[in-house]
Amino acid sequence: MNAIGLKQVQLAEIRMPLKHAFETSFGVTTERRIIIVTAVDESGAVGYGECTAMEQPLYNHESVDAAWTVIAGSICPMLAAEPPQKAEDVAEILSPIKGNRMSIAAIEMAIWDLEAKLLGIPLWSHLGGTNETINSGVSIGLQSSIDVLLEKVKIELDAGYQRIKLKIKPGRDLELVKAVRDKFGDILLSVDANSAYSLTEHADLFRKMDKLGLLMIEQPLRAGDLIDHAKLQAQLATPICLDESITSPVDARQAIEIGSCRIINIKLGRVGGHSAARAIQQFARESDIPVWCGGMLESGIGRAHNIAMSSLPGFVLPGDISASERYWDQDVLTDKVKVHSDGTINARSTPGIGYQIDIDRLNQLTVRTETIDLSLTQRIHTPYEKRLSNARH
Ligand SMILES: [Mg+2]
């Protein structure tokens, strides 16, 4: 195809009230502030992406307000200085930026969607996906009591979800897992600690948890800590899955090399978008490490990108994708993401992310906007641009 002629980037912050509050070890979320990124090309074609940063820098260092500044003030000027010829270029052009991967991913996802639409093919096949049927599990937040938790688990199992994941935090862990095991028997069950524990204080707790037949223990220790995770993994039969600790293909390689984990949760935002996600799943696959797609309480746009990513061959475990209606009374798509009664989602054959955006709903939820015209914005030249230009000439 011809090169993409990226003309404009539109940012919109939406506020979506969650159906139910979602509690993890780092806090309670009742409403999601989400930046929707629209990439517009010279022909007027558009692609959509979503920034998965949380309102506050508690999941990782990124936040909605900081991401807005980085996208408008750094990413767009860098793309203006070195316009991407294709979606694959975006991650490389933005590689001089340290961290801020959710900001990078938001725009990279929009450009991948745009490119797939220009080609007239679904994003999942454009990325090289091979699985049209995506297996889905659910993540259940901390609940007010064990009885409430058991009721929630029953609802999700009845809905067909293939794997139940329980959020845990110190003091609310072992007894939750035991109660769910006792009541529901041999279901696919995992836990996610969101970095809340330490090796020195809690190794014994995880050795007890090791006896409960979990599919995995997700991110028990501090984000970024590969060494202590390797020490803990050596003491456990249950695979450790890393989430927060894996921010790039290099992290994934190092974690696998030193035995920090036996499973990886890939999140598009956390790793910087589709190119990085694809590289991680490929390396993990070559290393016999299963991967799956994690969730960040996305709107339908982020959810649709997650479905596309999950079609790649390394995604062999059920992801946290879930139906729109699990989180939202009304999504930003005209047709919601639906999960079949066997816990599967179909990748669609429609070009791009495969779902129509409900523009009226999007406008209704929008609280601020900014349009960046790439021909008018400042240009930030980076060392990378020089390398790219030299390589081309
Ligand atoms: Mg997690």
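Is glutamate 55 buried, partly exposed or exposed, and what is its relative accessibility? Glutamate 55 has a relative accessibility of 35%, so it counts as partly exposed. The structure is a predicted model. Across the whole structure, a search finds 26 salt bridges. This briefing covers some of the charged residues, including a buried glutamate that has no salt bridge.

**Arginine 33 and its partners**
- Arginine 33 counts as buried because its relative accessibility is 8%, and the cut-off for buried is under 20%.
- The side chain of arginine 33 meets that of glutamate 55 in a salt bridge, with an N to O distance of 3.7 Å.
- Glutamate 55 sits in the loop between strand 3 (46-51) and helix 1 (64-81), while arginine 33 belongs to strand 2 (residues 27-41), so this salt bridge ties together parts 22 residues apart in sequence.
- Arginine 33 also forms a salt bridge with aspartate 65, where the closest N and O atoms are 2.8 Å apart.
- Aspartate 65 is in helix 1 and arginine 33 in strand 2, so the pair ties together parts that are 32 residues apart in sequence.
- Aspartate 65 has a relative accessibility of 38% and therefore counts as partly exposed.
- A network of salt bridges links Glu13, Arg15, Arg33, Glu55, Asp65 and Arg368.

**Glutamate 23 and lysine 169**
- A salt bridge joins glutamate 23 to lysine 169, and their closest N and O atoms are 3.8 Å apart.
- This pair links distant parts of the chain, 146 residues apart: glutamate 23 is in strand 1 (residues 6-24), and lysine 169 is in the loop between strand 6 (164-167) and helix 6 (174-184).
- Lysine 169 counts as partly exposed because its relative accessibility is 25%.

**Glutamate 115, without a salt bridge**
- Glutamate 115 is located in helix 3 (residues 101-119).
- Glutamate 115 is buried but has no salt bridge.
- Lysine 86 carries the nearest side chain of opposite charge to glutamate 115, at 7.5 Å; a salt bridge would need a side-chain nitrogen within 4 Å of a carboxyl oxygen, so this pair does not count as one.
- Leaving aside residues up to four places away in sequence, glutamate 115 touches Met1, Ile4, Lys86, Ala87 and His126.

Methods. Residues numbered from 1 in each chain as written. Predicted model: local features only at pLDDT ≥ 70, side-chain atom pairs only at ≥ 80, totals over all residues. Heavy atoms only, no water. Helix = DSSP H or I, 4+ residues; strand = E, 2+ residues; numbered from the N terminus. Buried < 20%, exposed > 50% of the residue type's maximum accessible area, 1.4 Å probe, protein only. Lys, Arg positive; Asp, Glu negative; His and termini not counted. Contact = heavy atoms within 4.5 Å.
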